[in-house]
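Subject: Structure handover

Hi,

Here is the structure I promised you. Please open it beside this email and follow along.

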Amino acid sequence: MSEQSPEQKRKLPPIAIVGIILAVLCGISLYIRIALPYDQIFVNDWIWFRETDAYYYIRNIENLVNNFPHFNSFDPYMIYPGGGGGLARPFFPWLVAAIGLLVSGGAPTQHTIEVVGAYMPAILGTLTLIPVYFIGKELFNRWVGVISAALVVILPGEFLHRSLLGFTDHHVAETLLSTVCILFIIMAIKRAREREISFGNLISRDRSKITKPLVYTLFAGIFLGIYLLNWQGGLLLAFIIFAYLVIQFIVDHLRHKSSDYLCIVGTPLFLIAFLMLLPILGNSSLDTISRVSLPIAIVVPIVLSVISRLMAGRAWKPVYYPLTLLGLAGIGLAALHAINPSLFQSMLDKFGIFTTGGAMLTVLEAQPLLLPGGVFTLQIAWANFTTSFFISFVSFGMLIYVAIKEKSADKTFFLIWSIIMLMAVLGQRRFGYYYAVNAALLTGSFSWKMLDIAGLRKLLAKSKEVVGAVKKVKKFKKREKKAREQTKPKTFMQPRGVWVRVIVVGIVIFLLVFLPSILQARALGRVPNYIMDEGWYSSLQWLKDNSPEPFDDPDFYYELYPPRTDFEYPETAYGVMSWWDYGYFIMQIAHRIPNANPGQVGAKKAAQFFIAQNESSANEIADRLGSKYVVIDYAMPITKFHAMPEWADISQDEFYEIYYSPTQDGLLEPVRLYYPAYYQSTVVRLYNFDGKAVAPTASVVISYEEKVTSGGDEYKEITDALSFPTYEAAKAYISSQDAGNYKIVSANPFDSPVPLEELNSYELIYPDPGATITTTTVKIFEYLGPGQS
C-alpha cells in the first residue's frame, strides 16, 4: 500500500465535506423552524399550535397515549350529531405518541404530549433535506444534492410553513416519507437498469445482480406503505409510480429494451405497501379505492411485461404495444364502470386534487396557485418558491433533453414525478409542500449546470491526479522555472479567468436563487400565530369549566369507543355551534362536540344557521343539530362572513357589495357597503349587537349607476347618498322614486341601518356583559330553546 502524502492526509474527503455541510444545513433548518417561531408557540404555560388540524391530531394523540397502540376509528367528539371518523391513517399520531411515551417513561403529561407534538414537524422537515441530497446525488452528482438540500431548507411557503414549530399535522411527514420512497425507487431502478436484471437472474439467484435492486425495492415498498399509513390521500404517490411504470414500459418496448426490471421493481413495491395498509382498511370510499387500486397496481406490471415479451417474441411492430395497452385500459375502465359505477366515479373524483371549485374556493389552501380568487397572479407562486418556481421550468426543458439523450429511466421517473406534482400545486396551492422538493432539485440541477459551464468541474478535479502533479513539481523544484512549468500537467493549471467566472456565477446564483428565499424564510419564521390567540384559548377553557359534560364522565374523552353502528349518544350530549374552522379547537381545548369541523363536515348547516334572517329559522337549525352553545369570534361576521353565503349556496351580493365612490381628485375609491340582510344575519346580530334589539340612529340611501370599464368589467358607481332619521323613512324615499338604482346601506358592520329585534333564545354568557371588546374577543352564547329568555 502506498503511503499518503502530507497533502492527502490534510485534505478532507468529499464525503466528509458533504457531511459537514449537511450538518450545518440541519442546524440552519432547526433555527428557522424552531428558534424563530418559538415565542409564538410557547406562550406562558400554554402551547398555541399553528393550525386548526393540529388540534385534531393532539386530541387523537391524547387518546392514543392512553390506549397505545390502539386507536379510535370512530370518534363521538368529532361532530354532533352522529360523530365522525377517528384516525383513518394512524402513523403520524403513532409516532408522536410513541416518542411521548418514550421520553416520559410511559406516563406523559398533557404538556409533554403537546411539546413533542409541537417539535415534531420541525424535526421531520429538517430530516427531509437528507433524502433530497441523496436524490440529487443519484440523479446528478453530490454537489447538486448539496445545493438542493440547502434550497429545501430555506424555500418559503407551504413546506416551510407546515414544518414550523407547532404545525402538528401529518403533512410534513408526507413530504419526508414520499421523498424517501422516491429515493429508493430511483436507486432500485438505476441499479436494476445498470445490471440489466431479468427474470432469468431471479430464477438463477444471481445475487451479484439482483441483491441491491431488490433491497432498494424492499425499502421503497416499506416507505410507500408507511406513507399510505400516514395520509388517506396517499394514493397520489401510488398513482405517480404507476404512471411512470406504464410510460417506461412503453418507452423500453419502443426502444427494443427489456422491461423485466420494471416488473421486478414495481410489483413487489406495491405488494409490500398493500400488505402494510391492508390491516387498517375500513369501509370508507377511500379505503375501498385503495383495496381495489393497489391490487391492480400489483398485477399491471406483470401484465405489461408479459405482453411486451409476447410481442417482441413474435416480432410485432413496437407501435402495437401502446395501442394494445390503450385498448386494454379502455376495456378495463368500461368494465369497472359497468360493475360498480359509484366506485368508478369515486376514483375519477380523486383527480379533483388537480382542480378546485364551488365552496372549496373559500378554503385558502385549496385555491389554485396562479388563480386565487379567479384572478391571475404570480404572488402566491413567488411566496412559495421565489425564483425557483420560474427556474424549474427552464430545468424541465434541460431535464427532458438529458432524459432523452441518456435514455435514463431514473431521470424519466424524476421528470414524471415533478410534472405531476407541478400539476397538483397549480390545482391547489397546498401541494406546495410537495413541490418544494421538486423545485429544490430542479433548481439545484440548474444551478450546478451554470457553475459547470463557468468551469467549476475543472476546479473540482480528482485529488489523486492533483497530488501527483504536486509531487512531480517538488521532485524538480531546483530546476529552472521553465523546465518546472513543463513538468506540470496543463490540465491543472487553472487560469485566473476560470476562478473569476466561477465566483461571479456563484454570486449571481446566491443573489438570484438563495437570497430571496432566505429573506422570505426568515420573515415566515417570525410571522405571528394567527390561528390561536388568548381570546380563543381562554374562552374555550372557560367553556370546558362552566358547561355540563356531554357524556357525564370527563374521562370518557380518553376512552376507546365502539364502532359507529354500536354507539348511542346519551341524553346529556349536545353540540356547540361555531364556524367549521374552529371545530377542532372546541373538541380538543374544551372537550366539547362541535356542530361543524375543519373537515368541512357540517359546514353547510353552520352557514345556514349563521346567515339565517330570523330567529325562528336559526332556532330550527339549532334544534335539529342539538346545539346548546354558540361560539363566535370577531372574524366570523367580518373577515370570514363571505364564506358563509358561499357554503349556503347564496350569493354574497345579497349581503354586501363593493361600490366605487368618486373622490375630489376625480378618482374612484372602492368601499364595501352592507345591506340590511347582512345585519339581519344571526352571526351579526349575536356578535356585533350581543343579540339585543337595535334601533338605528340613521339609515343611508345611496343611488348608483351600473357601468363597465374599458376592459369589460362591470362596477357600480355611487352618484348620491342621503341620510334619513328612520329605516321607514329611507324605505319610503326609495318607494317614491320613479326610476334609478337605490339601496339602503351602511359602511360600518357595527352600525345597522335597519331595526333589529332582540334574540330571546340566546343569552351572552362569556365574556361578562360590559367587558372591553377587541378583535381577539370570543363570545359564547347559550341557546335557551325557542321562545325562551
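**A buried serine**

S305 is found in helix α15, which spans residues 285-313. Keep in mind that this is a predicted model. Is S305 buried or exposed? S305 is buried, because its relative accessible area is 2%, and buried means under 20%. Leave out residues up to four places away in sequence, and S305 touches F199, F249, D260 and C263.

**Cysteines**

One of those contacts of S305 is a cysteine, C263. C263 is buried as well, with a relative accessible area of 8%. A disulfide is a covalent bond between the sulfur atoms of two cysteines. How many disulfides does a search of the whole structure find? The search finds zero. C263 is in no disulfide, and the nearest cysteine sulfur, that of C181, is 17 Å away. The cut-off for a disulfide is 2.5 Å between the sulfur atoms. C26 has another setting: it is partly exposed, with a relative accessible area of 22%.

**The nonpolar cores**

In soluble globular proteins, nonpolar side chains tend to be buried together. Here, the largest nonpolar core has 232 residues. Which of its residues touch the most other members? They are L224, I241, W579 and F610. Helix α10, residues 171-195, supplies the largest share of this core, with 15 residues.

Take L224 and look around it. Beyond its neighbours within four places in sequence, L224 is in contact with C181, L237, I241, L269, F270 and A273. Apart from the largest core lies another one, of seven residues. Among them are Y659, Y675, I702 and I718.

**Y659 in the other core**

Y659 lies in strand β7, residues 656-662. Y659 counts as buried, because its relative accessibility is 0%. Which residues does Y659 contact, leaving aside its neighbours within four places in sequence? The list is E669, P670, V671, L673, Y675, I702, Y704, K716, I718 and K743. Y675, I702 and I718 thus appear again, as contacts of Y659. For a sense of distance, compare Y659 with T387. They are 272 residues apart in sequence and 37 Å apart in space, C-alpha to C-alpha.

**One cavity**

Rolling a probe the size of a water molecule over the atoms shows where empty space is left. A search of the whole structure finds one cavity of 30 Å³ or more. The volume of the largest cavity is about 30 Å³. What lines it? The lining is made of S178, I182, Y227, L236, L237, I240, W417, M421 and Y434. Three elements give two or more residues each: α10, α13 (235-254) and α20 (409-427). Of these, α13 gives the most, with three residues. Sorted by class, the lining has eight nonpolar residues, one polar residue and no charged residues.

**Y762, to finish**

Y762 is found in strand β12, residues 762-766. Y762 is buried, with a relative accessible area of 6%. Not counting residues up to four places away in sequence, Y762 touches F609, E615, A618, N619, A622, V630, L686, E782 and Y783. How far apart in space are Y762 and F750? The two are 19 Å apart, C-alpha to C-alpha, and twelve residues apart in sequence.

Best wishes

Key: Residues are numbered from 1 along each chain as its sequence is written. This is a predicted model: local features need pLDDT of at least 70, side-chain atom pairs count only at pLDDT 80 or more; totals for chains, interfaces and linings use all residues. Side-chain values use heavy atoms; hydrogens and water are left out. A nonpolar core is a set of buried Ala, Val, Leu, Ile, Met, Phe, Trp, Tyr and Cys residues joined through side-chain atoms within 4.5 Å. Buried means under 20% relative accessible area, exposed over 50%, partly exposed in between (1.4 Å probe, protein chains only). Helices (H or I, at least four residues) and strands (E, at least two) are DSSP runs, numbered from the N terminus. Contact means heavy atoms within 4.5 Å. On a 1 Å grid over the protein atoms alone, a cavity is a set of points where a 1.4 Å probe fits but cannot get out, and a pocket is an open set with protein on both sides within 12 Å along at least five of seven lines; lining residues have an atom within 4 Å of a point. Grid points are joined across faces, edges and corners, and a volume is the space filled by probe spheres set on the points. Ala, Val, Leu, Ile, Met, Phe, Trp, Tyr, Cys and Pro count as nonpolar, Asp, Glu, Lys and Arg as charged, and the others, Gly among them, as polar.
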